[in-house]
Amino acid sequence: MAEKEANSRYQLWRSVRDFLEQSRAWTEEPILDDDGQVLLNVESVRQEVEDYAAKAYKAAKANKDDQVVARLKDVVDDFKELLPLVEELGNAALQPRHWHDIFGIIGADIPQNEDGSGGFAPFSIRQLLQYDLLEQLDKLQAVGAAATKESSLEKALAKMQADWEGAAFRVVEYKDTGTFVIGGTDEIQALLDDQIVKTQAMRASPFIKPLEAAALSWEKLLTAA
């Protein structure tokens, strides 16, 4: 029994250590790569936090007065207070223009790389916490929401363009005249009509500004067909 209890406590201490190491990595390692793309996997972070929280809850039910259990619960709860912020800063839709907005909101001076890569000098969530990020969370969420909407529009435009790959007109002989005409255009016409409507709706979106030129160019190409 003593060996089983000792092993159980060892596993709890190991969980505390592992979670502290993991949370340090999430908050102290650079957020972006050299090209300005988010490195943090928010879904993975969220899942690990949920797993450790469940482990702490289960351990507390078995022995709520255990100090190691209390320590595990405390470190998980402390990080959960930062989780909304981590989720916002780990939004994969954030582009350099959005980071400029974020830095402007919090008053951070993070220089952008001069090599044209779109990246910034390395910075971490821990470094940004000095700018009272949690107090600005609602504004950061607004930037993140806009970034997500813009990303969805960008993907929708790319999909419409990709839908034309492999599309071809079928040429058939007209009776026995030796003349060939285009046949079976119904599917292509339907695709064209559908994309014209979608592109016009896209251009009416309040989040289209970064893609406005590309969307307008695509609409002109479709309507000229």
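**Exercise 1. In this predicted model, identify the acidic partner of Arg 14 in a salt bridge and work out how the pair is placed along helix 1.**

*Solution.* Arg 14 forms a salt bridge with Asp 18, and the closest N and O atoms of the two are 3.9 Å apart, which falls inside the 4 Å cut-off applied to such pairs. Next, consider the spacing: because Arg 14 and Asp 18 are four residues apart in helix 1, about one helical turn separates them. An α-helix has 3.6 residues a turn, so residues three or four places apart point the same way. As for accessibility, Arg 14 is partly exposed at 37% relative accessible area, and Asp 18 is likewise partly exposed, at 23%. Finally, the pair belongs to a network of salt bridges that links Arg 14, Arg 17 and Asp 18.

**Exercise 2. Describe the salt bridges that Lys 198 and Arg 203 form, and state where the partners lie.**

*Solution.* Begin with Lys 198, whose salt bridge is with Asp 194, the closest N and O atoms being 3.2 Å apart. Both residues lie in helix 7 (residues 186-203), four residues and about one turn of the helix apart; Asp 194 is partly exposed at 35% relative accessibility, and Lys 198 is partly exposed with a relative accessible area of 47%. Turning to Arg 203, its salt bridge is with Glu 219, with the closest N and O atoms 2.6 Å apart. This pair links distant parts of the chain, since Glu 219 lies in helix 8 (residues 212-223) and Arg 203 in helix 7, 16 residues apart. Glu 219 is buried, with a relative accessible area of 12%, whereas Arg 203 is partly exposed at 32%. The structure holds 10 salt bridges, and those treated here are among them.

**Exercise 3. Determine whether the span of helix 2 agrees with its number of residues, and locate its buried and exposed residues.**

*Solution.* Helix 2 comprises 21 residues (42-62), which at 1.5 Å a residue should span 30 Å; the end C-alpha atoms are 31 Å apart, so the two values agree. The buried residues of this helix are Val 42, Val 45, Val 49, Tyr 52, Ala 56 and Ala 59. They lie on the same side of helix 2 because they cover an arc of only 120° around its axis. These buried residues pack against helix 1 (2-28) and helix 3 (67-89), while the face turned away from them carries the exposed residues Glu 43, Tyr 57, Lys 58, Lys 61 and Ala 62. At the N-terminal end, Asn 41 caps helix 2, with a side-chain oxygen 3.2 Å from the backbone nitrogen of Glu 43.

Technical notes: Residues are numbered from 1 along each chain as its sequence is written. This is a predicted model: local features need pLDDT of at least 70, side-chain atom pairs count only at pLDDT 80 or more; totals for chains, interfaces and linings use all residues. Side-chain values use heavy atoms; hydrogens and water are left out. Helices (H or I, at least four residues) and strands (E, at least two) are DSSP runs, numbered from the N terminus. The expected span of a helix is 1.5 Å times one less than its number of residues. Buried means under 20% relative accessible area, exposed over 50%, partly exposed in between (1.4 Å probe, protein chains only). The arc is that of the directions from the helix axis to the C-beta atoms. Contact means heavy atoms within 4.5 Å. A polar contact is a pair of N or O atoms within 3.5 Å; within protein, one must be able to donate a hydrogen and the other to accept it, and residues adjacent in sequence count only if both atoms are side-chain atoms. A salt bridge is a side-chain nitrogen of Lys or Arg within 4 Å of a carboxyl oxygen of Asp or Glu.
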